[in-house]
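Please read the points below beside the sequence and the coordinates. They concern charged side-chain pairs first and a single helix afterwards.

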Amino acid sequence: MSKSHGKKKPAKLPKDVYEAEIFRLQTELVKLQEWVKDSKARVVVIFEGRDAAGKGGVIKRITEYLSPRVVRTVALPAPTDRERGQWYYQRYIAHLPAPGEMVLFDRSWYNRAGVEKVMGFCTPQEHSLFLRQTPVFEQMLLDDGIILRKYWFSVSDGEQLRRFRSRLNDPVRQWKLSPMDLESVYRWEDYSRAKDEMMVHTDTPNSPWYVVESDVKKHARLNMMSHLLSTIDYTEVTKPPVELPERPIDTGTYKRPSRSLSTYVPNHVADLLGDPEN
């Protein structure tokens, strides 16, 4: 969680190098997915960090070629009144992976250590209890065989503000800018203190935090994806060969119904092309 003090960004990778490497990593993630499914492993990956730190971007690249039936992204909304009365971890437990699944938490139970602590959404007693219980809770997950990885995306104050400004007039990203995001700017130091306290209690030998420098988004994606793959001892699963016929099999017994019986969507592309016959 770095604060900018005139620190220069590292030189960026050439676009072709980035695209080749991210595709290589995505190919390895497919192998990881198949190993998870075949070995009945249970994998949990936690993505935490300040708003606009790049968590969503890397999750998007990780899942781009993966099956949503094997790899699920969990991004829970604010708790309901009923959930607020439950044991704090209860609603997260419901989303833990079954054998052969991998779950990516886009924010997690660590909300209590960050936004809830800073914004007063929990009491000091609840926050203190969270810091005591979380290492025990995570050890229970590990003892049950779950593979747990925790990543903190660290962005400087200047870069965060630049990203917020870029969202202001972007029609497809304006939804990412909320009053809560603006609070994170005004309460930068409060969030820093909360993060430091969280690390002291929950960065344990068995369940460590891995910090991802994320001022350069593309570098953060490659670094995080590469590290995740390096920490799991997966192997390539041999797939049975698939043989396709040279052409679709036509037995001569099927007759397609008339097109007039179906309702087709309008040809919007023809309008764009200016096709007068559309």
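1. A salt bridge is taken here as a side-chain nitrogen of Lys or Arg within 4 Å of a carboxyl oxygen of Asp or Glu. The model under review is predicted, and a search of the whole structure under that criterion returns 19 salt bridges.

2. One of these pairs joins Glu236 to Lys31, with 3.8 Å between the closest N and O atoms. Because Glu236 sits in the loop between helix 10 (217–230) and helix 11 (268–273) while Lys31 belongs to helix 1 (residues 15–39), the pair ties together parts that are 205 residues apart in sequence. As to their surroundings, Glu236 is exposed, its relative accessible area being 60%, whereas Lys31, at 25% relative accessibility, counts as partly exposed.

3. A second pair to inspect is Arg72 with Glu101, whose closest N and O atoms are 3.3 Å apart. This pair links distant parts of the chain, with Arg72 in strand 2 (residues 71–74) and Glu101 in strand 3 (residues 101–106), 29 residues apart. Arg72 is partly exposed, with a relative accessible area of 24%.

4. Are the partners Lys150 and Glu138 buried or exposed? The side chains of Lys150 and Glu138 meet in a salt bridge at 2.9 Å, N to O. Lys150 lies in strand 4 (residues 147–154) and Glu138 in helix 6 (residues 124–143), so this contact ties together parts that are 12 residues apart in sequence. Both Lys150 and Glu138 are buried.

5. The pair of point 2 should also be read in a wider setting, since salt bridges that share partners join Glu28, Lys31 and Glu236 into one network.

6. Turning to helix 9 (residues 188–202), its 15 residues reach 21 Å from the first C-alpha to the last, close to the 21 Å expected at 1.5 Å a residue. The buried residues in helix 9 are Trp188, Tyr191, Ser192, Ala194, Lys195, Met198, Met199 and Thr202. Seen down the axis of helix 9, these buried residues fall within an arc of 165°, and therefore they line one face of the helix. On the other side of helix 9, Arg193 and Val200 are exposed.

7. What do the buried residues of helix 9 pack against? Their partners are helix 5 (115–119), helix 6, strand 4, helix 7 (157–168), helix 8 (179–186) and strand 5 (209–213). Two of these elements appeared in point 4, where strand 4 carries Lys150 and helix 6 carries Glu138.

Key:
Residues numbered from 1 in each chain as written. Predicted model: local features only at pLDDT ≥ 70, side-chain atom pairs only at ≥ 80, totals over all residues. Heavy atoms only, no water. Helix = DSSP H or I, 4+ residues; strand = E, 2+ residues; numbered from the N terminus. Buried < 20%, exposed > 50% of the residue type's maximum accessible area, 1.4 Å probe, protein only. Expected span 1.5 Å × (residues − 1). Arc of directions from axis to C-beta. Contact = heavy atoms within 4.5 Å.
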